[in-house]
Amino acid sequence: MTPFAAIRSIEPAGMNGLILYFSGASLTEANQHCQAWDHAIREAGFGWLKDTLPAYDSLLLVFDALAIDNHGVYRSLRTLNVSDHQQNTPRRHHRLPVWYGAPEANDLADISRQTGLAGANIISTHCGTEYRVYAVGFAPGFAYLGEVPDAIVCPRLTTPRDRVPAGAVAIADKQTAVYPQSSPGGWNLLGLCPLSMFDGTQTYSARLSVGDTVSFYPVSEHEYREMKDD
């Protein structure tokens, strides 16, 4: 299948999926194309479409293999007129509080050894950047935020932890995130956020959506406990 428009390549994903990979001068630009195509495909109302799964610069389309094949999906995509400005979903900015250095989530000493920065500088650098939600996945409400400044980039842990606490704010490579639930994980931990990232009781809604922007700010332990969601 020949790439076209902002799509740089198209790859099959089993019998009922296609992955679209997007071009762009930057990751942000590629992600904008990904979001625009995701929106356009969902709005087109294709009867064969079962799900879309957007990521950083790729979009997985899951289709009904009894209704259409890969080439039929491709032909349908070629009919779309996609604009990066056609998305109507409002994007929000979130300011998330962090108790940096919380005992349950504190890798600041290790991050300092890797980066050469003092703990206070790591915190101010992390707080001084506005991040974009590039993708949501791994676990319900887990939002991949980027891009982390080069000064505090750290690789994933060689051996992942068996348990990372819910609310842990972490970095790995060029990404940062807030763990929505307690889970295993291999990211470097900076502290704890008191706000829930995912409502799994009634609405099943995530706080952060693809395309939103996020900034972090430090709070004390006392402020953290006052803000803590039940």
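**Exercise 1.** Which residues does H94 touch, not counting residues up to four places away in sequence? Place H94 in the fold and decide whether H94 is buried or exposed.

*Solution.* The structure is a predicted model, and the steps below should be read with that in mind. Begin with the location: H94 belongs to strand β5. Next, consider the relative accessible area of H94, which is 11%; buried means under 20%, so H94 is buried. Finally, list the contacts, leaving out residues up to four places away in sequence: H94 touches R207, L208, D212, T213, V214 and S215.

**Exercise 2.** Which members of the largest nonpolar core touch the most other members, and which helices and strands each supply at least two residues of this core?

*Solution.* The largest nonpolar core has 25 residues, and L96, L145, L190 and F216 are the ones that touch the most other members. At least two residues of this core come from each of β5 (93-100), α3 (108-115), α4 (119-127), β6 (131-136), β7, β9 and β15 (213-218). As background, nonpolar side chains in soluble globular proteins tend to be buried together. To look at one of these members in detail, take L96, whose contacts, again not counting residues up to four places away in sequence, are V178, C193, L195, M197, R207, V214, S215, F216 and Y217.

**Exercise 3.** How far apart are the ring centres of F4 and Y74, and at what angle are their planes? Work out which parts of the chain this pair ties together.

*Solution.* The count of aromatic pairs comes to 12. For F4 and Y74, the ring centres are 5.9 Å apart and the planes stand at 85°, so the pair is edge-to-face. F4 lies in the segment before β1 whereas Y74 lies in helix α2 (residues 70-78), so the pair ties together parts that are 70 residues apart in sequence. Both residues, F4 and Y74, are buried. One further step concerns the face of F4, over which R78 lies at 4.3 Å from the ring centre.

**Exercise 4.** Analyse the pair formed by F142 and Y179 in the same way, and state which residues the ring pairs link into a cluster.

*Solution.* The rings of F142 and Y179 are 5.3 Å apart from centre to centre, with 85° between the planes, and the pair is edge-to-face. Since F142 is in the loop between β6 and β7 and Y179 is in the loop between β10 and β11 (183-185), the pair ties together parts that are 37 residues apart in sequence. F142 is buried, with a relative accessible area of 1%, and Y179 is buried as well, at 2%. Ring pairs link both of these residues into a cluster with Y56, Y134, Y144 and W187.

**Exercise 5.** Which peptide bond is cis, and where do A5 and D173 lie?

*Solution.* The bond from G146 to E147 is cis, with omega near 0°, and E147 is found in the loop between β7 (143-146) and β8 (161-164). Turning to A5, phi is near 50°, a positive value in a residue other than glycine; A5 lies in the segment before β1 (7-12) and is exposed, with a relative accessible area of 69%. For D173, phi is near 55°, likewise positive in a residue other than glycine. D173 sits in the loop between β9 (168-172) and β10 (175-178), and is partly exposed, with a relative accessible area of 30%.

Conventions. Residues are numbered from 1 along each chain as its sequence is written. This is a predicted model: local features need pLDDT of at least 70, side-chain atom pairs count only at pLDDT 80 or more; totals for chains, interfaces and linings use all residues. Side-chain values use heavy atoms; hydrogens and water are left out. Helices (H or I, at least four residues) and strands (E, at least two) are DSSP runs, numbered from the N terminus. Buried means under 20% relative accessible area, exposed over 50%, partly exposed in between (1.4 Å probe, protein chains only). A nonpolar core is a set of buried Ala, Val, Leu, Ile, Met, Phe, Trp, Tyr and Cys residues joined through side-chain atoms within 4.5 Å. Contact means heavy atoms within 4.5 Å. Rings of Phe, Tyr and Trp (its six-membered ring) pair if their centres lie within 6.5 Å; planes under 30 degrees apart count as stacked, over 60 as edge-to-face and the rest as tilted. A charge sits over a ring if NZ of Lys or CZ of Arg is within 6 Å of the ring centre and within 35 degrees of the ring normal.
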